[in-house]
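Me: I have a structure to go through with you. Let's take it in short questions.

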Amino acid sequence: MTIRSKREGLLASTTIAGAALMALSAAPAFAADDQPAQVKEVVITGSRIPQPGLTSSSPLSVVNDQEVKLQGTTNAENLVNSLPSVFASYGANVSNGSTGTATVNLRGLGTARTLVLIDGKRLMPGDPALPVADLNQIPATLIDRVEVVTGGASAVYGSDAISGVVNFIMKKDFEGLRLDSQYSFYQHNNDDAGSQAINKARGFPVPSGNVTDGATWDFTAVLGASSPDGKGNVTAYAGYRNTQAVTENKRDYSACSVATFNNNPHVCAGSSTSFPGRFVSVVLPKQPSFTVDNAGNLSPFGAANQFNFAPFNYFQRPDERYTAGAFAHYQVKPWADVYSSFMFMDDHTVAQIAPSGAFFGTQFKVNCDNPFLSAAEVTAFCTSQGLTTAQQTTLFIGRRNVEGGPRQDDLRHDSYRLVLGAKGDFADAWTYDVYGQFGTTVYSENFLHDLSIAKLQRSLQVVNVAGTPTCTAKISGVDPNCVPYNVFHANGATAAAVAYLDTPGFKEGSTTEQIVSASVSGDLGKYGLKSPWAKDGVGIALGAEYRREALDYRTDSEFSSGDLAGAGGATPSTHGSFDVKEIFGEIRVPVVQDAPFAKDLALEAGYRTSDYSSSGHVNSYKLSGDWQIVDDVRLRGSFQRAVRAPNVVELFTPQALGLFPGQDPCAGGAPTASLAACQNMGVTAGQYGSIIQCPAAQCNGLFGGNPTLKPEESDTRSYGVVFTPTFIKGFSATVDYFDIQVDGLIGPLNPATALALCVGGNTTFCGFVHRAATTGVIFGTGATAGFVAAGNVNAGFKKTKGLDIELNYRTNFADWGLGDHGGLHFNLVGTYTKELATQQLPGSAVQDCVGLFGATCGTPTPKWRHKLRTTWTTPWHMALSADWRYIGSSSADICTPASAGFGGPCLPHFPDAKIKAVSYLDLSGTWNFKDGMQLRAGVNNVFDKDPPIIDSSNFGLSSPPFGNGNTFPQVYDALGRTFFIGITADF
């Protein structure tokens, strides 16, 4: 069996040594016959100009297929998330609010600002609700390497490349048959004393001792053959992956939802939509909250009555994925290599969360002669409110549908990606590449076991008919199927009522991306155009591209009307498309070569002009240079203007109510805002001091698209040094500074910020607050709901600064006189983030989230994060590796002083004030036990470290990824140790 790899980017190494570009370029490439081969010009991610040698003026990191094996990963998301420059995003550990996709977020600037490529060509959007690339479409076994470029690259690749580019280079030109299989599972010892104690204090079941679960099995087959004349190859693959579910009640630290009250240590808390329920009359102000027993007796509702929703939630979603595809090419003429690729994915996953219910915050009308009401309830909800039995009362009801079981979100994505093109050389100095690309993702979603708000209301309007409780809607003929719902006795709900209320929701849709692109690159040195001090000529690349993006997102009447109780508001259908016509060019000028203190000095420039049908004309460009002073030292720097055009969802989504994390400053008995400030937001003097606070710290926003949005613009400055000392054999180092600022951010007008600005005296934002007429609240459903207007706008900025560092050292024991025992390779990749600041709206505070986490900042942003891998390549066909992953400490943003734009400081001993630094140790190895046979195995998180546990109010629901299980599972190892074993067999 022979494997030949046609390199389209950086030559692969056997480790993560991509940043040590000069060290790599010094190493010879080898062909299949093990004879030295000449290093040809290659195209590096970040430029279209082929270059002699492996240099880049932009910071570039590479992860190769050996790292895939040593990490034991079977998905692309975990592979890229291990890089310190990558922030947590959607993945398998997110259940509440999950899209079923896996995304990548470079630099913490957002998934929509990271461009994902496959073999240098765009990966289409993977979901109509979240139109960004879905990494589930990429089979990990087929990854040859991943090239990650930091900073703007729109001049080369177009829109979205603001924080950088992630380019997946796939295995091609394969000959023979390869079978690859891997099995992995989690193991954890439930021995956290604090978690055990708080669960037992509430009487909640809590696991203890050893547990193994969450198994994943992955199988991939690769078959390749070359043409007899050696001019072509077809490589085909098929894969299957199955991941088992893990619920939060399988870990002691996630068995209940933790919270902090009055600055005390963690306790088990939950939701005020509870069982047997929470009831508040809203006929008169300042009414108490009650719960009920099975006889209809009322008692005060308190923290002890909150519902523990954690045991139902998935900590890891079950997932089943099929992949298949092929890469082919044939050189039909010396100047024409026709190529094509096809990739298919079918991914099916289920997200599960706690049962639905009549969620507290929705107003329900109940007739005072309802036969289910006890005498005590009639007194509390009707008589004391000045109502007779002939009238109706209005209640906030929070009653959990425990009889109906947990809600499940059944998500399926089918994606198809086809590329057909031709490339080659002509006229001695020129190369060309012309291709067409079509990609589509078909999506369907079934949301099961939710309740209909309309049916809930009808089922609460009940009268006595000949001794039988009967819905008035059934009597009137409005709903002949209506079944009365007895929420006024703890165990009063019947199976028939639960079946009547159980209402599914359905969504479906698709995304489509069509691209036609043509480019040429040339070496003008062949025509004598070069610097008099350089041996290489001027290189140029020119091209044009047409791209069309279309999206169709259809929701049924339950979703579109907002009738589903657990959906958090309406989900409207969205349709739309746009296209863009682009012309681009690049030039690279070697200025001086092989001169004293100028081994190689080159300048680069690039420009792209784009005409969007949706948002008009925009330009992007780059200026960069690299200067190799001597063999040991190379300096590089660049400035890049990048753009991101608004997508279809941001442009055309109809307005609808949704939730945002926050508090109403005018709510409660002692509002934090003055009467005057609240009056500016529509509060009357009579309402002031009696408005109910937003349930679960989630208020209503009126969200929606804006067809007048303009593209975002960003400026990236980067400066770096590549150090490859000839006096230290095998050592290389890179240090790169990055500075990225994005202006004209596209997103919803932040409703929490609008409230704060209004309270602070900027009355312009007071007009965005629309309160419920009777109650003055800014929550609820339907026509009576209050909300803060939060449509999409271009406003504010986001910026980040920091350093990327990579160190590599490779040595053999024999070089140190220690015998022929193989060699060691050390690779350190680290990121120091100096700033990650956001201004939501003009005039609002600039909030710097470096070293912080919480309701504003979301997932932790440690100042320093690194991974250090040490690999021993033995002379016995084995490689043993240890990886140290380090995540720096973070503090709660609510503890940060108000002068920095947050709400602190916190009171002393606040339990969530800080997340300590975390270190993980991973061990793995490979063994080539037979020709063509390789065994791999390992364990990640060797010491079974528990993740940091925090109050879920610090998750930062405003920007995904959401926290889950009282922690941030996309940042920390949330399920314990991971064991894996796999085998690769080549035939």
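Me: Which residue in the turn of the E31 and E32 hairpin has a positive phi?
Reply: First, the ground rules: this is a predicted model, where local features need pLDDT of at least 70, side-chain atom pairs count only at pLDDT 80 or more, and totals for chains, interfaces and linings use all residues. Residues are numbered from 1 along each chain as its sequence is written, and side-chain values use heavy atoms, with hydrogens and water left out. Strands are DSSP runs (E, at least two residues), as helices are (H or I, at least four), numbered from the N terminus. E31 and E32 have 2 residues between them, and the one with a positive phi, about 60 degrees, is Phe 597.

Me: Which residue of E32 stands opposite Arg 588?
Reply: Strands pair if DSSP finds at least two bridges between them. E31 (residues 574–595) pairs antiparallel with E30 (residues 539–555) over 15 bridges, and there Gly 539 stands opposite Arg 588. E31 also joins E32 (residues 598–612) through 14 antiparallel bridges. In E32, the residue opposite Arg 588 is Glu 604.

Me: Which strands stand at the edges of the sheet E46-E49-E50?
Reply: This open sheet has 3 strands and mixed pairing. E46 runs parallel to E49 (residues 890–892), joined by 2 bridges, with Phe 853 partnered by Ala 892. Two strands have a single partner each, so one side of each is left without a neighbour in the sheet: E46 (852–853) and E50 (914–915).

Me: Which strands does the buried side of H13 pack against?
Reply: Buried means under 20% relative accessible area (1.4 Å probe, protein chains only). In H13 (residues 751–759), the buried residues are Pro 751, Thr 753, Ala 754, Leu 755, Leu 757 and Cys 758. They pack against helix H12 (675–679), and the strands are E35 (656–661), E36 (698–703), E40 (769–770) and E41 (787–789).

Me: What follows H13, and what is its phi?
Reply: At the start of H13, a side-chain oxygen of Asn 750 comes within 3.1 Å of the backbone nitrogen of Ala 752. After H13 comes Gly 761, with a positive phi near 110 degrees.

Me: Why can Leu 880 count in a surface patch?
Reply: Leu 880 lies in strand E48. Patch residues need over 30% relative accessible area and no salt bridge (Lys or Arg side-chain nitrogen within 4 Å of an Asp or Glu carboxyl oxygen), with nonpolar side chains joined within 5 Å. Leu 880 belongs to the nonpolar patch with Trp 876, Met 878, Trp 927, Phe 929 and Ile 983. Leu 880 passes the area cut-off because its relative accessible area is 37%.

Key. Patches are made of residues with over 30% relative accessible area and no salt bridge: like charges are joined within 9 Å, nonpolar side chains (Val, Leu, Ile, Met, Phe, Trp, Tyr) within 5 Å. Accessible areas come from the Shrake-Rupley method with a 1.4 Å probe; for residues, only the protein chains shown count as cover. Buried means under 20% relative accessible area, exposed over 50%, partly exposed in between (1.4 Å probe, protein chains only). Contact means heavy atoms within 4.5 Å. A polar contact is a pair of N or O atoms within 3.5 Å; within protein, one must be able to donate a hydrogen and the other to accept it, and residues adjacent in sequence count only if both atoms are side-chain atoms.
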